[in-house]
Amino acid sequence: FRHPSQIYEAIFEGLILFLLLNFIFKKLFYKSAGLISSLFLVFYSTFRFFIEFTREPDVQIGYILFNLTFGQLLCFLFFIFGLILFYKKK
């Protein structure tokens with residue numbers, strides 16, 4: 001069974017992420033420069049990490065570590081970077 005991962009990405013990484021960041025920006029949560037960027041990194045990498053489970057890994061790369069794809073490992077790194085940026089800006 002194949003999943004329409006492009007549709008999942010459009011919904012989560014496009015629509016939901018836009019609405020979530022727009023809500024945070026318009027409310028009182030926006031206090032310092034870099035906060036929206038850090039939240040973008042955290043939410044985007046989280047959505048992308050879980051959507052990667054519905055995709056086939058690249059043939060030339062395959063699974064890298066702990067049965068995770070290269071894209072998931074990059075998402076993990078961006079998630080950590082987003083958290084560091086979030087706590088530095090807060």
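Visitor: Which exposed residues sit on the face of H3 turned away from its buried side?

Guide: That face carries Leu77, Tyr87 and Lys88, which are exposed. Keep in mind that we're looking at a predicted model.

Visitor: And which residues of H3 are buried?

Guide: Gln72, Cys75, Gly82 and Phe86. They cover an arc of only 70 degrees around the axis, so they end up on the same side of H3.

Visitor: What do those buried residues pack against?

Guide: Two elements: helix H2, residues 35–51, and strand E2, residues 68–69.

Visitor: How do I check the length of H3 against its span?

Guide: Take 1.5 Å a residue and compare. For the 20 residues of H3 that gives an expected 28 Å, and the end C-alpha atoms are 29 Å apart, so the two agree.

Visitor: Ile84 caught my eye. Where does Ile84 belong, and is it buried or exposed?

Guide: Ile84 is in helix H3, residues 70–89. The cut-offs help here: under 20% relative accessible area is buried, over 50% is exposed, and in between is partly exposed. Ile84 has 46% relative accessibility, so it counts as partly exposed. Look across to Ser38 as well: it is 46 residues from Ile84 along the chain, yet their C-alpha atoms are separated by 8.2 Å.

Visitor: Let's step back. What is the order of the elements in the chain?

Guide: From the N terminus on, read α-α-β-β-α. That comes from three helices and two strands.

Visitor: How do I get a feel for the overall dimensions and the burial?

Guide: For dimensions, use the principal axes: the C-alpha atoms fill a box of roughly 45 × 25 × 15 Å. For burial, 26% of the 90 residues count as buried. You can also look at contacts with a separation of 6 or more: residues 24 or more positions apart account for 58% of them.

Visitor: I'd like to look at charged residues in H1. Is Glu13 buried or exposed?

Guide: Glu13 lies in helix H1, residues 5–26. Its relative accessible area is 14%, and because the cut-off for buried is under 20%, Glu13 is buried. Leaving aside neighbours within four places in sequence, Glu13 is in contact with Tyr8, Tyr44, Phe47, Arg48 and Ile51.

Visitor: What about Glu9?

Guide: Glu9 is also placed in helix H1. With a relative accessible area of 17%, Glu9 is buried. Not counting residues up to four places away in sequence, Glu9 touches Gly14, Arg48, Ile51 and Arg55.

Visitor: Which residues line the largest pocket?

Guide: Phe1, Arg2, His3, Ser5, Gln6, Thr54, Arg55, Glu56 and Asp58. To read a lining, sort its residues by character: this one divides into one nonpolar, four polar and four charged. The space in the largest pocket comes to about 230 Å³.

Visitor: One last feature, the backbone angles. What should I look for in phi?

Guide: Most residues other than glycine have a negative phi, so a positive value is worth a look. Here, Asn67 has a positive phi of about 60 degrees although it is not a glycine.

Visitor: Where does Asn67 lie, and is it buried or exposed?

Guide: Asn67 is in the loop between strand E1, residues 63–65, and E2. Its relative accessible area is 56%, so Asn67 is exposed.

Notes: Residues numbered from 1 in each chain as written. Predicted model: local features only at pLDDT ≥ 70, side-chain atom pairs only at ≥ 80, totals over all residues. Heavy atoms only, no water. 1 Å grid on protein atoms, 1.4 Å probe; cavity = no way out; pocket = protein on both sides within 12 Å on 5 of 7 lines; lining within 4 Å. Points joined across faces, edges and corners; volume = space filled by probe spheres on them. Nonpolar A, V, L, I, M, F, W, Y, C, P; charged D, E, K, R; others polar. Helix = DSSP H or I, 4+ residues; strand = E, 2+ residues; numbered from the N terminus. Buried < 20%, exposed > 50% of the residue type's maximum accessible area, 1.4 Å probe, protein only. Contact = heavy atoms within 4.5 Å. Expected span 1.5 Å × (residues − 1). Arc of directions from axis to C-beta.
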